[in-house]
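I open this entry with the strand order and the packing of the helices in mind. The notes below follow the order in which I looked things up.

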Amino acid sequence: MVELVGSRDCGNSPKNKFVQEVAAAVESGQANPKDFSEDVTWENSSDGLIDGRTAVLTKIEEREVPLTIKVEHAISHGKVGAASGTTKLADGRERRFSHVFEFKTAKADCVLAIKSFC
């Protein structure tokens, strides 16, 4: 099981908490399909643009399952959120991440687009 060390940014903000949960899902390879729009896109440096829920979830599931995910910051404003932190893998390597999320609505409960800087 992946250990999640959460950000203090989440406090009383359900939107910030959702940003943290989605970032952890992307990092761990364990995403919940209901959190992603049918027409979600994911842009990252290694794969370019991935289009559609099925393709995005498949790519997320291919990620190496880490031991620990430490979310340093998880913030949201309107229809946008961002999270950054580190992921520690089983072989001891650490990977830094930064994900920017665009949500379908200002409720911030369904991801429309992800841009990752890893």
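Across which strands does helix α1 lie? I note beforehand that the model is a predicted one. I find that α1, residues 14–28, lies across β1, β2 (36–44), β4, β5, β6 and β7. Its direction runs at about 140° to that of β4.

I then looked up the second helix. Helix α2, residues 53–61, packs on the sheet and touches β2 and β3. I record an angle of about 55° between the direction of α2 and that of β2.

**Entry: strand order**

I traced the sheet from one edge to the other. It is open and has seven strands, in the order β1-β4-β5-β6-β7-β2-β3, with mixed pairing. At the edges I find β1 (3–5) and β3 (48–51); each has a single partner strand, so one side of each is left without a neighbour in the sheet. On average, neighbouring strands here are turned by 20° against each other, direction ignored.

**Entry: strand pairs**

I next went through the pairs around β5 and β6. Strand β4 (residues 68–77) runs antiparallel to β5, and nine bridges join them. In this pair I located I75, which stands opposite A82 of β5.

On pairing β5 (residues 80–88) with β6 (residues 94–103), I again note the antiparallel sense, over nine bridges. Here T86 faces R96 of β6 as its opposite residue. How many residues lie between β5 and β6 in their hairpin? I count five, and G92 in the turn has a positive phi of about 95°.

From β6 I moved to β7 (residues 111–116): the two run antiparallel and are joined by five bridges. V100 stands opposite K115 of β7.

I add one general remark for reading these pairs: in a regular strand, side chains alternate between the two faces of the sheet.

**Entry: nonpolar core**

Which residues have the most contacts inside the largest nonpolar core? I find F36, F101 and V111, in a core of 27 residues. At least two core residues come from each of α1, β2, α2, β4, β6 and β7. Helix α1 gives the most, with seven residues.

I followed V111 further, leaving aside its neighbours within four places in sequence. Its contacts are F18, V22, D35, F36, S37, V40, F101, E102 and F103. I note that F36 and F101, listed with V111 for the most contacts inside the core, are among these partners.

Conventions
Residues are numbered from 1 along each chain as its sequence is written. This is a predicted model: local features need pLDDT of at least 70, side-chain atom pairs count only at pLDDT 80 or more; totals for chains, interfaces and linings use all residues. Side-chain values use heavy atoms; hydrogens and water are left out. Two strands pair if DSSP finds at least two bridges between them. Helices (H or I, at least four residues) and strands (E, at least two) are DSSP runs, numbered from the N terminus. Axes are lines fitted to C-alpha atoms, for helices over the stretch in contact, and angles run from 0 to 180 degrees between N-to-C directions. Contact means heavy atoms within 4.5 Å. A nonpolar core is a set of buried Ala, Val, Leu, Ile, Met, Phe, Trp, Tyr and Cys residues joined through side-chain atoms within 4.5 Å. Buried means under 20% relative accessible area, exposed over 50%, partly exposed in between (1.4 Å probe, protein chains only).
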